[in-house]
Every structure is written in structure tokens, then in C-alpha cells.
Amino acid sequence: MSRRGTKIIRLGAAGAAAGVLVAAIAIPAVGGAGFGFVTAAGEVNLKPADLAEPPPAEVTIVRDAKGGEIARFYEEYREVVGFDEISETMKTAIVSIEDFRFYEHGAIDIEGTLRAFATNLQSGRVSQGGSSITQQYVKQVLLNSADTEAERNAALEASYARKLNELRYAMGIEEKYTKDQILEKYLNIAYFGAGAYGVEAAAKRFFGGSAAKLTLPQAATLAGAVQDPNATDPNLGKQHRERLLKRRNVVLDRMAELGKITTAEAAKAKATKLGYKGTQIPGGCESSKYPYFCLYVRHEILSNPDFGRTAKARLTMLNRGGLTIRTTIDPAMQAAADRAIKRYVHASDEPVASEALVEPGTGAIRAMAASRRYGRSAARNEISYNVVADAAHGGGIGFQPGSTFKTFTLITALEEGMKLDDGLTAGAGYRAPAYSTFKNCADQSVGDPTHTVTNDEGSPGWKTLRSGTWDSVNTFFMELEERVGLCDTVKTAKSLGIRRADGKKLQEFETFTLGINEADPVTVASAYAAIAARGTYCAPMVITHITDRNGKTTRYRPKCREALEPAIADATAEVLSGVFTKGTMSGVGGIGRDAAGKTGTTDDYASAWFAGFTPDLAAAVSLGDPRGSQRHKLTGVTIGGRYYGAVQGASIPGPIWKDTMMSALRGVEPTAFTPIDAARFEGCGEGCRQEKPEESGEATPEVTLGPDDILE
């Protein structure tokens, strides 16, 4: 009997003695030269099996409206490349060290497998692999497609059952693909360490270049890393780098031994330094140029059924799908908002300024900016949530928008037939009637007659819809809301997309018109954009189209509806335009084109706002202290290096809005507001100048509202 036959018998005896199925080494001749012996192959069904190959996780790239990259999302940092995009040196190095007979044998390297099985049988456990590159690819596919911890453990377990499954799948893979295709797939799925999956990501991470341009020492380094990428991870310190360097030199020696390179080439390459650069892997919103917008995009995808039926499916698509996401952000408009905020509010200030720019008629968010950096470093005064957005998009509870909500009462009055010169007498103080006429939308009476609303701005007396709005007279709007109805006012706000930033139900109290419900700049800007679009409300939009890894593009259109009659929107814009010329923004001035807006200052200066629009662009600016706006008022504060006794909407938010809009719209041809329907809105209705008689007697005492009085 030949020595080879004797060896097989010895292996069989050892297997029987160890209680291991002899068929575990009963390998039929498959591909290549192989051995043609059979013992119990039928028992283990060692035939080719079809392996499900879900695509490996790839990086999703997020781009701005102009195509520039702004962020990357990934579970595994990987960029799949074609066979021709990988250097020949890299291919030679990996084959030399991992499976030097790869192009000669079939699915299984018989000699390597038998050698490994002999060692394993003697030790009584699986201690040596002997896997071909095809088998290694199979193992990586099974590992990458595992959804549960049990599936991951099964893909890694040291058992003959797992090994036999790998062999079956490997045989199927060899029938399905060419050797070059298998090698390409392996190099794209393998983990190299330092968070780099696939050879392209590894080339960038390790050496700052591409897989196509890897040099001999670089290729040998990466080829050496795949054996135990955690032990040789150069990002983990000096000892790991030393192990990687030794492993690189082993690869170089092996390449020289096989005649793939000369001994001189090997010596020269071994004399070079490791050369690890640790190039920063791009990704995540914290490293994005536009972190708040990035957060909005991420949360929009994870929460919106348009992007997947389940939350798990959406997360998988985002982090593994290799998508290219085109968004609405305009770099020039973003820069305009960033500059304006920086001019008036410093990153070191406790109060935070936030701004959102929204395009009328589409809802496209063109910019999201804030005075503080996004992050988790208290030392750098960073903020750890999306201060520009609502909680559903990574934000917090928001700030009370104050008098910006008076616009919804104005709109309701116009919808109910009032003309622009209709008015009423506003007192120095306002108390809800004891028999309260305020009804919420559940038809419940609300209103506290023991508290008095006073005026922060404007003076009492006869006020029209125009003058009451221009001067932002609190008592005028309380009287007006009582006349048009609280519930109708709430419905108007809701029709324009208004909701609380924290996601809770709107508080429907008589002070609704004074802006007691915390909101965020995106929501308020979108509401004002609807007025600019002549009543067409469009939900905030950040994604225009998504291209998948196969090049298929899905486009997303604005979600719009008519919220206001166009004539009502025109009349509202007419009134709000006077805020710049005759109202609370007259000291700041306009922007040299048709514009309208409303200041917002909350009770006791807890927060300050400005929201406004042109026919081409809307924006909202908020200012408040994230430590708690009711505890940390905007009084006696230094902001942007300037001291303020009290901050109002026109103090800081108004100028930020003005600077932003002037810069953002530079080069955009001005669009005029549509003239109002004079016959319908000019003048005043019957009895409009019948002022209420001045009340005599003792003045209504002023009552200061406490923290539990629904103002925040």
C-alpha cells in the first residue's frame, strides 16, 4: 500500500477513536486535481449547495443639493470596488499568504484541508482552519448576513458541522463564479482592522489612498491583516502595529518564496516603515459640516414609512444599503445662516440661537444653523441634540415662540370676514371673563379670570388688524382671539403644520395666541412658508432622491396641500409686511425686497423669535437658554459680546433673520407679493369704528404668572 493510502487509513482510525464521523474527511474529487476516495460521503451529503449572498454592508453617502458630500452613514465602513480597481500586487499578496493554490484547486484545497483535519483530530477540536479563499468568503457571507447573536455564533463556531456546511457552499460558489469573481468578492467583504471593511476602505484608512494604487509593502500589510485583524489593528497601539509589521514581513517572505517577487524586492519592502496613516473615516453627524441638517435627514429616514415598512428595515437600508441620498440643503444659504448667527451670538454664550430656512411651495429645508456646535463635549460648550428641530428629528422640547403665533389669530380673523381696518379697543390689561367665552376644541371652557395679561410692546387703545399686529399688542390679540374663537385659531395653526416640538398635544388655553406652546424653527418657518406660497402648506422636506447600490433612483416629491385661501394668505402678507416699516422691526429695517414677518417675545423674556418670509424663502430664528428658558431668562445677559437688559424679537433674532435673508437671496431676482383683494379686505366693516367705551374705575391689578401658569 502506498504511503498516501496508509496516511488516509491512519486518519480514519484516529477519527473513529475520537468519536468523530469519518465522513468529515471523506472528500470527493471536486474541481482541480483532488483525491478520488469515498468513505461515507452519502451520509454527509457533500454536494454543492446554493449560498444566499445578500450584498455586504456598504456606506451610505449623503449629499447636498449641489452634489457635495455632507455625511456618511454605515454599520461597516465599506466601499465595494471592481476587480480592475484593485492593484495586481494586492491580488498576488492575498493569494500568496491565504491560498497560494487558489487558481489551481477547486472549491477545496485538499492538501490544506487534510493537513488541518489531521491536526484537529489529534487535538480533539477544530484548532486549524485550512480554509481556501472560497471557504473564507463563504464564512464572511454567513457572518455578515447573520441577524441574531445565535446566527453569528453559528457562523463562527468551532465544529465539523459548520465546516461541512462551508464546504458545500464553497462548492456551489465555485460552480457559480470564476476565480477572479470570487477573489473580488472576498477582497470586498474581508475585514482588515481599524474599522475598515473591504480592500478599498482599508487602503483609505491605512494609507490614505485607493486599492488600485497599493504599493508592494502596503499590499503585503493588508494581506497580512486579514488573518487576525483585531490582533494587528494598527489603531489600537504600538504592540498591535508591531504585530502587523511582523505579519507584513511574513507575507513578503512568502511572496518571495513562491517567486512572485524577488528576494531583493522583498528586502527593500521589509526595510520600509509600516506607514499607517489612520485616515479619519468620514461619517456620522458629529463630523458633518451640517450636523443639524444631517440629524434631521437621519431621523427622517428612520421614522418615515416612505423609506421602509419597518424601523428595522429603514435602519438596515440606511446603515448597510450603499445608498446615495441627495438632499435639499443649499450650501450658500447654509453659509448665510451660519455667518449671520455667528455675528450676533457666540458659541460660548449660554443662550443658543437657531435658524431654519424653508422654501415656499416645496417645504424644502435649505439651511439649519445654530450658534453652538453639535456634540457631547461640555468643555467645548457643545449641544447634544438637534436644537433647530423637533423631538421626532433629534431635537428637544423647543422654545415658546411668543408673538409669532399671533399670526394665526390674524389669519382666523381674516377668514371670518374681518377687514384690515376692522379693530377693537385694547386695554392695558386683559382678564378672561369669569363666564369664559374661550372654548378649546373639545368644547371645554378654559380661561383663568384671576390672571391678567399685559402688554410687553405697544400701547392700549383702538387697534386695527394692521396696527394691532404691527405693535404686537398682547391685549388686542387676547380680545381678537376671544372674538374669533380659540378653537378656530388652534385649527388655523394646525392647518399650517404647527405642533409642539416635544410631540405632545397642543395646549389649548386662552393664551394660545401668545405662543405658549414650545416649537422649533423648522416647524415655524414651514408655517410661514405656507403664507409665502399663498396658502399652500408643504411638509418639511429634506430628501429629493435616493440612488441604491445598483444605480436605481427613487425620487421624492413635496407633500403639499392648500391650507389657506390664496386671498387670505395675500392679506396676511400685506399686514405682516408693515412690521418692517411701521411695527416692531422698523428699527431694524427691511431687506430691499418684499418681505413680511413677525417678532416674538415671550412672557418675562424667556425666549425671543423672529419668523418671516419673501415669496422665495421663509426663515425662523429662535433664541433661548437650553438649560431652561423659564429659569434662565434673556434679561441682564451678554450675548455676542454685547450686554442686553432684555432681549426681544427685534433685538437679536430679527437682525439674524435680516442678515441671513439678504445674503441667502443675493443673486435671486426679487419676487413681489400678490396685491390683496381690495374690495374684500380694504377698509372696515359695519360698525368697525365703534370703539369700546373706556372702562372707568380702578385699574385692573397686574398679576405675575407663575411657572405653573401654562406659559412653559
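Aromatic pairs make a good starting point for getting to know this predicted model, which holds 16 of them. One of these pairs joins phenylalanine 580 and phenylalanine 610; the ring centres lie 5.8 Å apart and the planes stand at 65°, so the pair is edge-to-face. Phenylalanine 580 belongs to helix H21 (residues 566-581) and phenylalanine 610 to strand E18 (residues 607-613), so that the pair links distant parts of the chain, 30 residues apart. Both phenylalanine 580 and phenylalanine 610 are buried.

Phenylalanine 610 also forms an aromatic pair with tryptophan 657, again edge-to-face, with 5.1 Å from centre to centre and 65° between the planes. Because phenylalanine 610 sits in strand E18 and tryptophan 657 in helix H22, this pair ties together parts that are 47 residues apart in sequence. Tryptophan 657 is buried, as is phenylalanine 610. Elsewhere, Phe206, Phe207 and Tyr276 are linked into a cluster by ring pairs.

Helix H22, the home of tryptophan 657, leads on to a helix pairing. The axes of helix H15 (residues 331-344) and helix H22 (residues 653-664) come within 8 Å of each other and cross at roughly 150°. Angles over 145 degrees count as roughly antiparallel, and H15 and H22 are therefore roughly antiparallel to each other. The crossing of H15 past H22 is right-handed. On the H15 side, the contact is made by Met333, Ala336, Ala337, Arg339, Ala340, Ile341, Arg343 and Tyr344, which meet Pro655, Ile656, Asp659, Thr660, Ser663 and Ala664 of H22. By character, the residues of this contact divide into nine nonpolar, two polar and three charged.

Helix H14 (residues 311-320) offers a look at burial, with Arg314, Leu318, Asn319 and Arg320 buried. The cover over these buried residues includes both strands and helices: strand E1 (60-63), strand E2 (69-73), helix H5 (133-144), helix H13 (291-303) and strand E6 (324-327). After H14 comes glycine 322, which has a positive phi, near 60°.

Another arginine to visit is arginine 247, found in helix H11 (residues 238-257). Its relative accessible area is 14%, and since buried means under 20%, arginine 247 is buried. Apart from neighbours within four places in sequence, arginine 247 is in contact with Ile97, Glu98, Gly224 and Gln227.

Note on methods: Residues numbered from 1 in each chain as written. Predicted model: local features only at pLDDT ≥ 70, side-chain atom pairs only at ≥ 80, totals over all residues. Heavy atoms only, no water. Axes fitted to C-alpha atoms, helices over the stretch in contact; angles between N-to-C directions. Helix = DSSP H or I, 4+ residues; strand = E, 2+ residues; numbered from the N terminus. Parallel < 35°, antiparallel > 145°, perpendicular 65-115°, else oblique. Left-handed = near helix turned anticlockwise from the far one by under 90°. Contact = heavy atoms within 4.5 Å. Nonpolar A, V, L, I, M, F, W, Y, C, P; charged D, E, K, R; others polar. Buried < 20%, exposed > 50% of the residue type's maximum accessible area, 1.4 Å probe, protein only. Phe/Tyr/Trp six-rings, centres within 6.5 Å; stacked < 30°, edge-to-face > 60°.
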